[in-house]
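Work through the exercises below with the model open. Each task is followed by a stepwise solution.

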Amino acid sequence: MEIDKNNRMNSLFEFYGALLTEKQHSYLALYYGDDYSLGEIATEFDVSRQAVYDNIRRTEASLEEYEAKLHLLANYQAQNQAVDQLVRYVHTAYPKDTKLSTLLTRVADQAAR
């Protein structure tokens, strides 16, 4: 469960990190990206652990609100699922079509960006 939340927050951070304040960005980058503890972040910024905790929780809520309105992560995941299904189908149904495989690889590479 905790790993799923960490993965989700890191993904949301990738999409919406530019919308955060400098402090929010720093706290989340340290907490989720660098695996700092609340105490370590508090020491780094000379604030209380509670202040860090509150800021991170509010920032998580902001990221979820952005996603609820913009759906960037959901759309990205759906697009990647569709490309994965297409790749499996093409490799199964058209294993010898090298031109189709090359085109599909280009599409998959673009979708991954």
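**Exercise 1. Is E60 buried or exposed, and which side chains does E60 pair with?**

Step 1. Take the accessibility. E60 has a relative accessible area of 7%. The cut-offs are under 20% for buried, over 50% for exposed and partly exposed in between, with a 1.4 Å probe and protein chains only. E60 is therefore buried.

Step 2. Note the ground rules. This is a predicted model, in which local features need pLDDT of at least 70 and side-chain atom pairs count only at pLDDT 80 or more, while totals for chains, interfaces and linings use all residues. Residues are numbered from 1 along each chain as its sequence is written, and side-chain values use heavy atoms, with hydrogens and water left out.

Step 3. Look for partners. A salt bridge needs a side-chain nitrogen of Lys or Arg within 4 Å of a carboxyl oxygen of Asp or Glu. E60 meets K5 at 3.5 Å, N to O. This pair joins distant parts of the chain: E60 sits in helix α4 and K5 in helix α1, 55 residues apart. Helices here are DSSP runs (H or I, at least four residues), numbered from the N terminus.

Step 4. Add the second partner. E60 also bridges to R57, with the closest N and O atoms 2.7 Å apart. Both lie in helix α4, three residues apart, about one turn of the helix.

Step 5. Assemble. K5, R57 and E60 are linked in a salt-bridge network. K5 is partly exposed at 33%, and R57 is partly exposed at 25%.

**Exercise 2. Which residue does E64 pair with, and how many salt bridges are counted?**

Step 1. The side chains of E64 and R8 meet at 2.9 Å, N to O.

Step 2. Place the pair. E64 is in helix α4 and R8 in helix α1, 56 residues apart.

Step 3. Check accessibility. E64 is partly exposed at 28%, and R8 is partly exposed at 33%.

Step 4. Count. The total is three salt bridges.

**Exercise 3. Which helix supplies the largest share of the largest nonpolar core?**

Step 1. Define the set. A nonpolar core joins buried Ala, Val, Leu, Ile, Met, Phe, Trp, Tyr and Cys residues through side-chain atoms within 4.5 Å.

Step 2. The largest such core has 17 residues, and L28, I41, V52, I56 and L63 have the most contacts inside it.

Step 3. Assign helices. Helices α1, α2 (22-33), α3 (38-45) and α4 each give at least two residues to this core. The largest share, five residues, comes from α2.

Step 4. Inspect L28. Leaving out residues up to four places away in sequence, L28 touches F13, L20, G33, I56, T59 and L63; contact means heavy atoms within 4.5 Å.

**Exercise 4. What do the phi values of D35 and H71 show, and where do these residues lie?**

Step 1. Recall the norm. Most residues other than glycine have a negative phi.

Step 2. Take D35. D35 has a positive phi of about 60° although it is not a glycine. D35 lies in the loop between α2 and α3. D35 is exposed, at 66% relative accessible area.

Step 3. Take H71. Phi of H71 is positive too, near 60°. H71 lies in the loop between α4 and α5 (72-93). H71 is partly exposed, at 39%.
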